[in-house]
Amino acid sequence: MKNKEMLLGIVAGIAVAGSVITWLLSAKPQEATIGLGNGVQVQANTTMKDTKVSREKDGEKLWEFQVAEVEQDKKNNKALLRGIKGKIYRKDGSYLDISSDNGEATLNKADNDFAVSGNVKAVLNTGGKLYADRVTYQEKTQFIQASGNVRLEKDGYAAYGDIAETTTKMEKFKLKGHAKVEKGGKIDDK
């Protein structure tokens with residue numbers, strides 16, 4: 001009788017385990033929201049692929065990115081993002097679309113500043129385009145520095161240089177290194 005009860009217990013355990021495994025394999029992956037502190041949240045599936053990274057402060061969304069892959073560096077309090085497409089929201093309601101074809105970005109979680117590299121394109125929805133090899137963004141000041149093959153287009157002007165400095169409003173630009181500005185110039189949307 002004792003062996004029969006033990007055998008029934010084993011069979012029941014296997015049946016329950018099989019049911020759980022079947023349920024896990026057939027269920028859709030669920031997104032989880034992970035709070036990283038200082039208003040930064042990451043919505044990710046368990047593999048950290050096709051991830052949404054965003055920052056809110058006082059109920060206001062400051063920026064958000066759809067990212068193909070996120071790799072967190074806890075030691076340096078940074079995250080490495082690959083395959084980036086997202087927005088930086090401005091207080092006036094405008095926003096800056098930022099994308100990088102095959103580049104990477106680093107997010108400094110301590111101050112929420114980030115850098116995006118690899119064929120970066122930034123387009124202000126109220127007018128203005130910025131292209132560069134690398135773009136850094138400082139959240140507190142809305143300051144942007146673009147470097148490497150910098151191309152800008154705004155209000156009927158095209159500008160080129162090694163480095164450009166501006167804000168997310170893109171009103172004024174400071175160009176450095178091989179600077180050139182053309183009135184009526186148009187930049188090909190690459």
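**Exercise 1.** Which strand supplies the largest share of the lining of the largest cavity, and how many residues does that share hold?

*Solution.* Start from the residues that line the largest cavity of this predicted model, which are V53, W63, F65, L81, I84, A105, T106, L107, F114 and V116. Next, set these positions against the strands, among them β4 (60-73), β5 (78-89), β6 (95-108) and β7 (113-124), each of which supplies at least two residues of the lining. The largest share, three residues, comes from β6.

**Exercise 2.** Describe the largest cavity by its volume and by the classes of the residues in its lining.

*Solution.* Begin with the count, for the structure holds one cavity of 30 Å³ or more, and then take the volume of the largest cavity, which is about 60 Å³. Then sort the lining by class, which gives nine nonpolar residues, one polar residue and no charged residues. T106 is one of the lining residues, and it belongs to the polar class, since Thr is not listed among the nonpolar or charged residues.

**Exercise 3.** Place the cavity within the protein as a whole by working out the secondary structure, the burial and the exposed surface.

*Solution.* First, the secondary structure comes to one helix and twelve strands, and, read from the N terminus on, the helix precedes the strands. Second, of the 190 residues of the protein, 32% count as buried. Third, the protein exposes about 11800 Å², of which carbon and sulfur atoms supply 53%. Finally, among contacts between residues at least 6 apart in sequence, 32% join residues at least 24 apart.

Conventions:
Residues numbered from 1 in each chain as written. Predicted model: local features only at pLDDT ≥ 70, side-chain atom pairs only at ≥ 80, totals over all residues. Heavy atoms only, no water. 1 Å grid on protein atoms, 1.4 Å probe; cavity = no way out; pocket = protein on both sides within 12 Å on 5 of 7 lines; lining within 4 Å. Points joined across faces, edges and corners; volume = space filled by probe spheres on them. Helix = DSSP H or I, 4+ residues; strand = E, 2+ residues; numbered from the N terminus. Buried < 20%, exposed > 50% of the residue type's maximum accessible area, 1.4 Å probe, protein only. Contact = heavy atoms within 4.5 Å. Areas by Shrake-Rupley, 256 points an atom, 1.4 Å probe, with all protein chains shown as cover.
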